[in-house]
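Dear colleague,

I am passing on the structure we spoke about, and below it you will find an account of what turned up in it. Please read the two side by side.

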Amino acid sequence: MLSKRIIPCLDVKDGRTTKGIKFKNNIDIGNPVDMARFYYEAGADEIVFYDITASSDRREIMIEVVYRVAQEIFIPFSVGGGIRSLADMRAVLLAGAEKVSINSAAVLEPKLIQEGARSFGSQCIVLGMDVKQVAQSEKIPSGYEVVINGGRTPMGLDALWWAQEAVSLGAGEICLNSIDADGTQAGYELYLTRLISTAVSVPVIASGGAGTPAHLYEVLTRGAADAALIASMVHYNLYTIRELKEYLNQRRVKVRLSW
Amino acid sequence: MIAIIDYQAGNLASVKRSLQALKAEAVVTQDPAVVVRAARLIFPGVGAAGQAMANLKRLGLDQALHQAFAAGTPILGICLGAQIILEYSEENQVHCLGLIPGRVQALTGINPEVPGEPLKIPHMGWNEVDFVRPHPVFQGLPDQVEFYFVHSYYPVPAQAQWVLGITTHGEQFPSALGAGNLVATQFHPEKSGRFGLIVLQNFLSWDGKC
């Protein structure tokens with residue numbers, strides 16, 4: 001039986017991981033390569049890098065990071081943030097990432113999903129979605145709207161419609177981030193996650209709101225998510241990945257326990 | 001020399017890197033002559049069977065693979081490379097290499113526990129391989145070991161004795177195969193952490209006999 005995946009997310013700016021990570025071990029907490037290796041050895045099922053570098057002329061730094069991470073870890077990892085073209089995707093994949101995540105660019109230019117899937121295979125193309133709850137309307141029947149630019153720009157697109165559309169265009173996986181839950185550590189948006197996950201044929205990674213092991217349990221069961229993205233919980237050394245997995249295993253959620 | 005066969009079916013760098021981590025140097029090649037001479041072959045690949053077969057034929061690699069297999073060269077097929085070694089694939093309804101008899105089938109996604117909620121296809125993520133027959137390439141692994149999978153089709157060899165490992169995603173399917181000097185994994189050993197590296201290491205020291 002397929003295991004539910006636990007996926008740490010690392011934000012990278014100008015080639016350095018940004019969150020103030022408190023580790024006891026002797027590792028450079030700003031170094032994404034060291035951090036990736038740490039999580040690889042700690043039992044992460046996959047790793048997500050999110051590039052928040054503001055200026056586009058510093059993008060090559062991320063490619064260099066991806067290349068170095070790929071020499072060190074032997075599990076899949078994906079890269080998102082600032083990917084706007086087929087050339088951007090190719091650079092990240094050739095440097096050694098397993099998948100690329102496209103978000104705003106896919107909303108603005110949906111054929112990017114199609115071209116990416118045709119060129120590299122659907123399994124490489126993750127649709128990143130930032131979603132905000134709004135009043136239900138004719139335009140937004142699900143009551144969840146797609147937003148871009150880190151949640152600042154509402155797009156007038158229904159999230160459920162967009163998820164299904166993106167899958168039909170060739171997205172092989174969806175990373176679904178709730179803007180309302182993100183950063184609260186009060187739990188994932190369960191209703192939204194179940195809505196999207198049960199409506200598409202591809203795996204859905206839930207993102208935004210994780211604070212306790214119970215939140216992971218809820219989103220992987222009631223939320224019907226295939227994987228859970230985590231950040232602060234592990235970055236601030238509140239839990240180890242093993243502790244999270246043992247908690248889930250005790251509650252009969254299938255997870256990978258030996259690595 | 002170890003050759004990784006490049007037939008323009010996905011990114012082969014991850015296989016090469018995992019071999020480097022094991023201190024093994026490999027060449028990535030499209031040259032049939034190199035494939036025929038290689039001491040050991042890795043046949044990876046992602047993508048669709050139809051395009052893959054067209055590329056193999058155009059590059060003359062189909063004949064080279066047949067020659068190497070007949071000569072006893074140890075061969076490791078990975079993912080798509082574990083499928084198109086068989087005779088026929090349901091994907092694109094295409095005739096494949098036929099190194100061993102058998103066919104490639106689609107996962108149904110039927111969920112035996114909750115029939116109303118079909119399983120996700122592609123089968124993507126970590127899943128257990130139950131090794132049902134011992135083989136040198138799959139020794140030294142713990143029980144209930146998990147590997148990383150990404151696929152929508154799976155190989156069904158004609159003879160049950162060629163099935164070395166079984167995995168369940170709704171239905172049970174063969175996830176590790178072995179026939180003479182050929183072994184094949186539906187999963188990605190190069191993306192499966194320490195246990196995946198053990199499989200690769202075992203393959204590197206395997207003489208092609210079992």
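**Strand pairing in chain A**

In this model, which is a predicted one, strand 7 of chain A and strand 8 (residues 153-158) of chain A run antiparallel and are joined by four bridges. Within that pairing, V147(A) lies opposite P154(A) of strand 8 of chain A. The two strands form a hairpin with four residues between them, and in this hairpin N149(A) adopts a positive phi near 55°.

Strand 7 of chain A also pairs with strand 6 (residues 125-133) of chain A, again over four bridges and in the antiparallel sense, and here V147(A) in strand 7 of chain A has D130(A) standing opposite. As a general matter, the strands of a sheet pair through backbone hydrogen bonds, in either a parallel or an antiparallel arrangement.

As for its surroundings, strand 7 (residues 144-148) of chain A is mostly covered, since five of its five residues are buried. Y144(A), V146(A) and I148(A) point one way from the strand, while E145(A) and V147(A) point the other way, and all of them are buried.

**A residue in strand 4 of chain A**

F77(A) belongs to strand 4 (residues 77-80) of chain A. Is F77(A) buried or exposed? F77(A) counts as buried because its relative accessible area is 1%, and the cut-off for that term is under 20%. Once its neighbours within four places in sequence are set aside, F77(A) is in contact with I47(A), F49(A), V66(A), V69(A), A70(A), G96(A), A97(A), E98(A) and K99(A). From C-alpha to C-alpha, F77(A) and P203(A) are 15 Å apart in space, although 126 residues apart in sequence.

**The sheet of chain B**

Chain B holds an open sheet of eight strands with mixed pairing, in the order 2-1-3-4-14-13-12-9. Its edge strands, each of which pairs on one side only, are strand 2 (26-29) and strand 9 (130-131) of chain B. Helix 6 (residues 193-204) of chain B packs on this sheet, where it touches strand 1 (2-5), strand 3 (40-43), strand 4 and strand 14 of chain B, and its direction makes about 145° with that of strand 3 of chain B. Two of the strands touched by the helix, strand 4 (residues 75-78) and strand 14 (residues 182-185) of chain B, pair in the parallel sense over four bridges, and L76(B) has V183(B) in strand 14 of chain B as its bridge partner.

**Where the two chains meet**

Between the chains, 29 residues of chain B are in contact with 35 residues of chain A. Together chain B and chain A bury about 2600 Å², of which 53% is on carbon and sulfur atoms. On the chain B side, K120(B), M124(B) and W126(B) lose the most area to chain A, and together they account for 29% of what that side buries.

Turning to polar interactions, five salt bridges are counted between chain B and chain A; one of these is formed by K254(A) with E128(B), whose closest N and O atoms are 3.7 Å apart. There are also 16 residue pairs in polar contact between the two chains, counting pairs in which both residues have pLDDT 80 or more. The elements of chain B that give two or more residues to the side touching chain A are helix 1 (13-21), strand 8 (123-128), strand 10 (146-151), strand 12 (163-169) and helix 6. Strand 8 of chain B supplies the largest share of that side, with six residues.

With best regards

Methods
Residues numbered from 1 in each chain as written. Chains lettered and ligands numbered in written order. Predicted model: local features only at pLDDT ≥ 70, side-chain atom pairs only at ≥ 80, totals over all residues. Heavy atoms only, no water. Buried < 20%, exposed > 50% of the residue type's maximum accessible area, 1.4 Å probe, protein only. Pairing = 2+ DSSP bridges. Contact = heavy atoms within 4.5 Å. Axes fitted to C-alpha atoms, helices over the stretch in contact; angles between N-to-C directions. Buried area = accessible area lost by both parts, 1.4 Å probe. Salt bridge = Lys/Arg side-chain N within 4 Å of Asp/Glu carboxyl O. Polar contact = N/O pair within 3.5 Å; in protein donor to acceptor, adjacent residues only side chain to side chain.
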